[in-house]
Each structure stands twice: as structure tokens, then as C-alpha cells.
Amino acid sequence: MYKLEILEECESTQEEVKKRLNETSDIALLSLKQSKGKGSYGREWISDKGGLYLSFDFPSINTTIPVSIVFSLLVLESINQYLDIENQNFIKDYMGIIFPNDLVLEIDNNFYKIGGILVESLRNKYIIGIGVNVNNHISFYQLEHKAISLKEFFEKETNLSIDFDVFKIAKIIISKAQDLRYSLNENDYLFSEFLKKLDKFDFTKKLRNVDVILFMDGKEIVDRFDQLKVDFQNRKIIFYKNRMRKELDFEKIRRILY
């Protein structure tokens, strides 16, 4: 059973969980700030106060769906549950997932990153890292993607300023992660019902004319495509370009630059 521990600051919740796995398991750490936050493929995750920075260990899952997508959906559902509680559920209509691990808001046909999922394997377990822009001011940073926090989006839409409760959101995430531990096979009822919701929140299919960073022949290349579609069952991305159709395995996709 997870017990959520709150840290004032650390270098990286991800690295802190790894250190503690020598002594125990069922570790869940939430830090108010990170000095060396980790993103995917060694990138930095900006971790100012006001954001949600959470890591925990998790058992292996028997699924063809990428683990990053499973937890993207779990986090999205957790935020939606919190928004329902706070009667701010209009935000839910804007939220979705872009492959392979981004949580986004769709605003006027543009996509703004609000969070990401980092999955690392260690000793037959996963270390799940979650970063969500909640109350921090992220939109003024020069980033690879357009980005926004929940607070900034709320202010933009309503001209009102409120603070969302990072701790409540984290507790809902941990509660849902705990429940998921009892259904680690995608053929189990709980897991299969959970994944049925994926198509609704998959915003990758909404993208048009985007650059994609691919890993081909041992190096990264960038190519532009008219449209993308994720085939979760066969673990492939389908690309459309100039009336041509191309399929690539998930492992070939590094990032989608929307």
C-alpha cells in the first residue's frame, strides 16, 4: 500500500525513488520543487513551485499498450476526478493525450502541454514519474512545445485566478495507481474497461502537419507528416504524407512536435 511522502524540494523524485528501492517498495514521493527534474530521453523537466512532481514504483504490466500511455490515461482521469469535485469540469473538454507520453489542452486548434509521464525500468519494476503544470507559470518559457498550466488556462478562459490543490490531485493519482495494481493484465476486466476510454482522449489523431522525431538507423531524424494515427493493438504509428501511408513501430517514435 502506498503512503504518499511530501518533500519540500529534491533534485529529482525519480532518482529519489530509485535510491530508496534498496530499502523498501511501495514508495510514492511528491516534491514541491525539483532542482534537476527529469524528462524523457535525458531532457530537463522545469520544476518550479506550483507544479505536481510525483514518482512511485509499480509492478510490471502485461499489456501491448505503452506503459507511458496507461499512466497518461490514469493521470488524466485523476485530474478529471479532481475537477469534478471542484466543479471546474469545463476544463475536461479540452484535455487529452498525445503519443507517447504528453498530457495536453486543446485551445483554438492548438495543443499546449500540461504534463508528461516518464517510465523507467529497474529490478523488474517500473519507476513512474509524473509532472503536471498545475499552478506554476510555464507559458513564458521557451520550450520545445507550447505549454500552459491549469491555473494559466483557467485565468485565460475566465479572467479569474484560483489555485488548484496539488496534494489532492496527487492523492487521487496514487489511489488510482493502487487500484490498478490489482489488475495488471490488459485482459482483466478493470484494466480492459480502463483502456476502453483511451480512444476518447487520444488527441494524436487530431494533429495536422506536424514534425516527428524518428529514431532510424541509430540516429534521430525529423520528418513532417500530414496526419498521424496510433494503432495501439499492433503497436504501430500510421503516418500519412502526400497521399502515401507508412507504418512504423512504436519504438521508432521519439517525439511529436506539435
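The legends below accompany close-up views of a predicted model.

**View 1. The seven-stranded open sheet and its strand order.**
In this predicted model, seven strands make up an open sheet that runs in the order S1-S2-S3-S7-S6-S5-S4, and the pairing within it is mixed. Strand S1 (3–7) and strand S4 (95–98) are the edge strands, each of them pairing on one side only. With direction ignored, neighbouring strands of this sheet are turned by 25° against each other on average. Within the sheet, strand S2 (residues 27–31) and strand S3 (residues 52–59) are joined in the antiparallel sense over four bridges, and Leu29 has Ser55 in S3 as its bridge partner.

**View 2. Helix H2 against the seven-stranded sheet.**
Strands S2 and S3, paired in the antiparallel sense over four bridges, belong to the sheet with the order S1-S2-S3-S7-S6-S5-S4. Neighbouring strands of that sheet are turned by 25° against each other on average, direction ignored. H2 packs on the sheet and touches S3, S4, strand S5 (102–107), strand S6 (110–122) and strand S7 (125–132), while the direction of H2 makes about 170° with that of S4.

**View 3. The crossing of helices H2 and H4.**
Two packed helices are described by the angle between their axes and the distance between the axes. For helix H2 (residues 67–85) and helix H4 (residues 166–180), the axes come within 9 Å and cross at roughly 130°; H2 and H4 are therefore oblique to each other. The crossing of H2 and H4 is right-handed. On the H2 side, the residues that meet H4 are Val70, Phe71, Leu74, Val75, Glu77, Ser78, Ile79, Gln81, Tyr82 and Ile85, and their counterparts in H4 are Lys168, Ile169, Ile172, Ile173, Lys176, Ala177 and Leu180. Sorted by class, the contact of H2 with H4 comprises twelve nonpolar, two polar and three charged residues.

**View 4. The loops that flank strand S4.**
Asn87 is found in the loop between H2 and S4, and although Asn87 is not a glycine, this residue has a positive phi of about 60°. Pro100 has its place in the loop between S4 and S5, where the peptide bond from Phe99 to Pro100 is cis, with omega near 5°.

**View 5. A salt bridge between helix H1 and strand S1.**
Side chains of opposite charge can pair when their charged atoms come close. A search of the whole structure finds 21 salt bridges, and one of them joins the side chains of Arg20 and Glu5, with an N to O distance of 2.6 Å. Arg20 belongs to helix H1 (residues 13–20) and Glu5 to strand S1, so this pair ties together parts that are 15 residues apart in sequence.

**View 6. The surroundings of Ile46.**
Ile46 is found in the loop between S2 and S3. Once its neighbours within four places in sequence are left aside, Ile46 is in contact with Tyr53, Ile138, Tyr141 and Leu143. Ile46 and Ile138 are 92 residues apart along the chain, yet a separation of 8.4 Å is computed for their C-alpha atoms.

**View 7. The five-stranded antiparallel sheet.**
Strands of a sheet pair through backbone hydrogen bonds, either parallel or antiparallel. Five strands form an open sheet in the order S11-S10-S9-S8-S12, with antiparallel pairing. Strand S11 (244–249) and S12 are the edge strands, each pairing on one side only, and neighbouring strands of this sheet are turned by 45° against each other on average, direction ignored.

**View 8. Strand S8 and its partners S9 and S12.**
Strand S8 (residues 208–216) and strand S9 (residues 219–231) run antiparallel and are joined by eight bridges, with Leu214 standing opposite Ile221 in S9. S8 and S9 form a hairpin that has two residues between the strands, and Asp217 in the turn has a positive phi of about 55°. S8 also pairs with strand S12 (residues 253–257), in the antiparallel sense and over four bridges, and here the bridge partner of Ile213 in S12 is Arg255.

How values were computed
Residues numbered from 1 in each chain as written. Predicted model: local features only at pLDDT ≥ 70, side-chain atom pairs only at ≥ 80, totals over all residues. Heavy atoms only, no water. Axes fitted to C-alpha atoms, helices over the stretch in contact; angles between N-to-C directions. Parallel < 35°, antiparallel > 145°, perpendicular 65-115°, else oblique. Left-handed = near helix turned anticlockwise from the far one by under 90°. Contact = heavy atoms within 4.5 Å. Nonpolar A, V, L, I, M, F, W, Y, C, P; charged D, E, K, R; others polar. Pairing = 2+ DSSP bridges. Salt bridge = Lys/Arg side-chain N within 4 Å of Asp/Glu carboxyl O.
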